[in-house]
Amino acid sequence: LKMKSIKVGVQRNVLIAPELAFTIGCQVANTGVSAVEGKKIIPAGTIVGAEASVLTERATVLKVVDEGTTAQAQGVLVNDVDVTAGTATGTLLVSGFVDLDKMPEDAAALVDGATGLSKITFVKGDAQ
């Protein structure tokens, strides 16, 4: 009798009041993402963007926003996105409420400088 083991993880939920969230599907590139244990995972709560608006140009491929590209911010990833094999599909929060405490530290530090996130409210800590 052989047993197969699989590693199961729980996705981080960065949303506060998910019923008030407006999300869209998007494509996310693996540009600038480092592999950890052979996988390139962009965590939920990461701010992504591009020069072209994904709302008006749906084929736009988003990438992780850093200090130099905060003006390109368009939203926050709702779930982890595995980009190990290249560009992958993700869920982008365009409007809603995000718990700052559940965002990756580097992404949370960029919130104030990211001008394209005006429809997202960032709250420090979920009261629930």
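Modeller: In this predicted model, a nonpolar core is a set of buried Ala, Val, Leu, Ile, Met, Phe, Trp, Tyr and Cys residues joined through side-chain atoms within 4.5 Å.

Biologist: Which residues have the most contacts inside the largest nonpolar core?

Modeller: Nonpolar side chains tend to be buried together in soluble globular proteins. In this chain, the largest such core has 18 residues. The elements β6 (73-77), β8 (88-99) and β9 each give two or more residues to this core. The members with the most contacts inside it are Ile-47, Leu-93, Val-98, Met-103, Leu-117, Ile-120 and Phe-122.

Biologist: With which residues is Val-98 in contact, leaving aside its neighbours within four places in sequence?

Modeller: Val-98 is among the residues with the most contacts inside the largest nonpolar core. Leaving aside neighbours within four places in sequence, its contacts include Leu-93, Met-103, Ile-120 and Phe-122. The rest of the list is Val-14, Leu-15, Ile-16, Thr-121 and Val-123.

Biologist: How many residues form the other core, which lies apart from the largest one?

Modeller: Leu-77, Ala-88, Leu-92 and Val-94 are among the members of this other core. It lies apart from the largest core, and its number of residues is 15.

Biologist: In what order do the elements of the chain run from the N terminus on?

Modeller: The chain has one helix and nine strands. Of its 128 residues, 38% count as buried. From the N terminus on, the order of the elements is β-β-β-β-β-β-β-β-α-β.

Biologist: Among contacts between residues at least 6 apart in sequence, what percentage joins residues at least 24 apart?

Modeller: One example of distant residues brought together in space is Lys-102 and Ala-44, which are 58 residues apart in sequence and 8.6 Å apart, C-alpha to C-alpha. Lys-102 is found in the loop between β8 and α1. For the chain, the share of contacts between residues at least 6 apart that join residues at least 24 apart is 73%.

Biologist: Is Ala-114 buried or exposed?

Modeller: Ala-114 lies in the loop between α1 (105-108) and β9 (120-123). Not counting residues up to four places away in sequence, it touches Thr-70 and Ala-73. Its C-alpha atom is separated by 8.8 Å from that of Val-65, 49 residues away along the chain. Because its relative accessible area is 8%, and the cut-off is under 20%, Ala-114 counts as buried.

Biologist: Which residues lie nearest the centre of the second largest pocket?

Modeller: About 300 Å³ of space lies in this pocket. Its lining divides into ten nonpolar, four polar and three charged residues, and β3 (41-42) and α1 each supply at least two of the lining residues. Of the 17 lining residues, those nearest the centre are Pro-43, Thr-46, Val-64, Val-65 and Asp-106.

Biologist: What is the N to O distance in the salt bridge between Lys-39 and Asp-82?

Modeller: A search of the whole structure finds two salt bridges. In the pair formed by Lys-39 and Asp-82, the side chains meet at 3.5 Å, N to O. Lys-39 sits in the loop between β2 (22-28) and β3, while Asp-82 belongs to strand β7 (residues 81-82), 43 residues apart. The distance asked for is thus 3.5 Å.

Biologist: Which residue forms a salt bridge with Asp-101?

Modeller: Asp-101 is partly exposed at 45% relative accessibility. Its partner counts as exposed, because the relative accessibility there is 66%, against a cut-off of over 50%. The pair links the loop between β8 and α1 with the segment after β9, 23 residues apart. At 2.9 Å, N to O, the partner of Asp-101 is Lys-124.

Biologist: Near what value is the phi of Glu-37?

Modeller: Most residues other than glycine have a negative phi. Ala-17, in the loop between β1 (15-16) and β2, has a positive phi, near 60 degrees. Glu-37 lies in the loop between β2 and β3 and counts as exposed at 75% relative accessibility. The phi of Glu-37 is also positive, near 55 degrees.

Note on methods
Residues numbered from 1 in each chain as written. Predicted model: local features only at pLDDT ≥ 70, side-chain atom pairs only at ≥ 80, totals over all residues. Heavy atoms only, no water. Helix = DSSP H or I, 4+ residues; strand = E, 2+ residues; numbered from the N terminus. Buried < 20%, exposed > 50% of the residue type's maximum accessible area, 1.4 Å probe, protein only. Contact = heavy atoms within 4.5 Å. 1 Å grid on protein atoms, 1.4 Å probe; cavity = no way out; pocket = protein on both sides within 12 Å on 5 of 7 lines; lining within 4 Å. Points joined across faces, edges and corners; volume = space filled by probe spheres on them. Nonpolar A, V, L, I, M, F, W, Y, C, P; charged D, E, K, R; others polar. Salt bridge = Lys/Arg side-chain N within 4 Å of Asp/Glu carboxyl O.
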